[in-house]
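Here are some worked exercises on helix geometry and packing. Have a go at each one before you read its solution.

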Amino acid sequence: MTRKMAQQKEVTNKVEWKIKVADGSSKDLVPESEPAGRAWLGIQGLITGLVSKVGKFFKKARDIAVDDPRKVIHGMKVGMALTVVSLFYYMRPLYEGVGRNAMWAVMTTVVVFENSVGATLCKSLNRACGTLLAGSLAVGVHWIANQSGEKLEPYVNGASVFLLASAATFSRFIPTVRARFDYGAMIFILTFSLISVSGYRVEKLLRMAQLRLSTIAIGGFMCILISILVCPIWAGKELHLLITRNMDKLAYSLDGCVAEYFNNSGIPMEKLQGYKCVLNSKATEESMANFARWEPAHGHFKFKHPWRQYLNLGASMRRCAYCIEALNGCINSDNEVPESLKQHFNGICLRLGSVSSTVISELAITMKTMRKSPKIKYLVIEMKNSVEELHNEIGYLPNLPTPPSSTEAIIPLVEVIPIATVASLLTEVAARIEDIAGATEELAKLAKFKPAVEKIPPH
């Protein structure tokens, strides 16, 4: 490559250079920017990137607010509760009553106010009970330590902290305690340790414990009051709606998978995979059921509503969803099925898929209306009859004629296996749906759903 200066001209006090390359063409050489220019360009890029990220953040926040305005309302409820309890700092008469212990009301509001009424009640009562129990024990231990003499007092306090903190920590591994009282156990450990350490030096321990407990009670009561009275979100109702939505998604996925396999109906894949919401909802269901037990009677949900049965129903739905997932895998399978076999099983499989999804849809209606459906038992019988027909069709497989173009005397086994797998999965799905119907019937019995209304045809 040869280089020479081709041209020099004045353009904004800059020199322009060109080079010739081997193929005869020329290229402009751009002089390197000075350090100050490079630094300015870097700062511009940094500012632009920061502005872009901030814009994306606010856009995402706006989308969340539009998608579920209750989250915005929840933020306003927390702000309202904090404003009320902060009056203990701002107003002199209230501040003189509780003093610096008012900060415990603020801290309680921040840590116990949750999105649903059940979660707020659970954490508030756990915090109150944990604080009361720990305070009582701490005062008792402090009295025993004082009676033991100056030499033994540190050992009594240290031994009590060790034993009670160890026992409370171990209790958090017990499933029942972990599910419902884990937060209370943690508060017990924290409160007992703090009071024990401070009580070793503070003479007016009872007064301190009383003020602290009262301010915690004020903060918890304010959270409960606002959570119930201002746009309440009930965990029990949310659990009921979640189970109902999952039923609808399960029915649509089942009907769509069967139609897609036999008819290539072109249903969007994201709709076919609605069953995945059922598979991923176990933790949410357990959390909502736990919080729902703390809630008072509201709406259609009376005191001692059978929330545990919702977990059994959700488990039955997940077992069905696993079978639908396997059925959905058959759609994308590389094993091709002869068109003659598909046509032979097309009618009965589509009918079984349609009846099965109708059963789930009817169960969803039962959950929505909280009224027993008169159609369920007839639909289940029809589903069983379709399963029997499918079994009979599978029994006729060895006698099916081979296509005219085939040189085989009988249908090869490798061609039969994929369609037999689909038929077997549909049969298993029907059995799982029977379990869902049984769990729904049990829930209707325990929750005392309204009786079915038989429509009398006009004469």
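**Exercise 1.** In this predicted model, work out how helix 10 and helix 13 are oriented relative to each other.

*Solution.* Start with the axes: helix 10 (residues 235–263) and helix 13 (residues 282–292) have axes that come within 8 Å and cross at roughly 150°. Angles over 145 degrees count as roughly antiparallel, so helix 10 is roughly antiparallel to helix 13. As for handedness, helix 10 passes helix 13 in a left-handed crossing.

Next, find who does the touching. Helix 10 brings Ala235, Gly236, Glu238, Leu239, Leu242, Ile243 and Asn246, and helix 13 answers with Thr284, Glu285, Met288, Ala289, Phe291 and Ala292. Sort the residues of this contact and you get eight nonpolar, three polar and two charged.

**Exercise 2.** Do the same for helix 13 and helix 14: which way do they run, and which residues make the contact?

*Solution.* The axes of helix 13 and helix 14 (residues 307–331) come within 9 Å and cross at roughly 170°. Run that angle past the cut-off of 145 degrees, and helix 13 therefore comes out roughly antiparallel to helix 14.

On the helix 13 side, the contact uses Lys282, Glu285, Glu286, Ala289 and Ala292. Helix 14 supplies Trp307, Leu311, Gly314 and Arg318. By type, the residues of this contact split into four nonpolar, one polar and four charged.

**Exercise 3.** Check the end-to-end length of helix 9 and of helix 15 against the expected span, then look for a bend in helix 15.

*Solution.* Take helix 9 (residues 205–229): with 25 residues at 1.5 Å a residue it should span 36 Å, and its end C-alpha atoms are 36 Å apart, so the numbers agree. Just past helix 9, Cys231 has a positive phi of about 40°.

Now helix 15 (residues 339–369), which has 31 residues. From first C-alpha to last it reaches 43 Å, close to the expected 45 Å. Length isn't the full story, though: helix 15 bends by about 50° at Asn346. After helix 15 comes Met370, with a positive phi near 55°.

**Exercise 4.** Place Ile189: which helix holds it, and which residues does it touch beyond four places away in sequence?

*Solution.* Ile189 sits in helix 8 (residues 182–199). Leaving out residues up to four places away in sequence, Ile189 touches Ala165, Ala168 and Thr169. For a sequence-versus-space check, pair Ile189 with Thr131: they are 58 residues apart in sequence, and their C-alpha atoms are 9.1 Å apart in space.

Definitions and conventions:
Residues numbered from 1 in each chain as written. Predicted model: local features only at pLDDT ≥ 70, side-chain atom pairs only at ≥ 80, totals over all residues. Heavy atoms only, no water. Helix = DSSP H or I, 4+ residues; strand = E, 2+ residues; numbered from the N terminus. Expected span 1.5 Å × (residues − 1). Bend = angle between axes of the 7 residues up to and from the residue. Axes fitted to C-alpha atoms, helices over the stretch in contact; angles between N-to-C directions. Parallel < 35°, antiparallel > 145°, perpendicular 65-115°, else oblique. Left-handed = near helix turned anticlockwise from the far one by under 90°. Contact = heavy atoms within 4.5 Å. Nonpolar A, V, L, I, M, F, W, Y, C, P; charged D, E, K, R; others polar.
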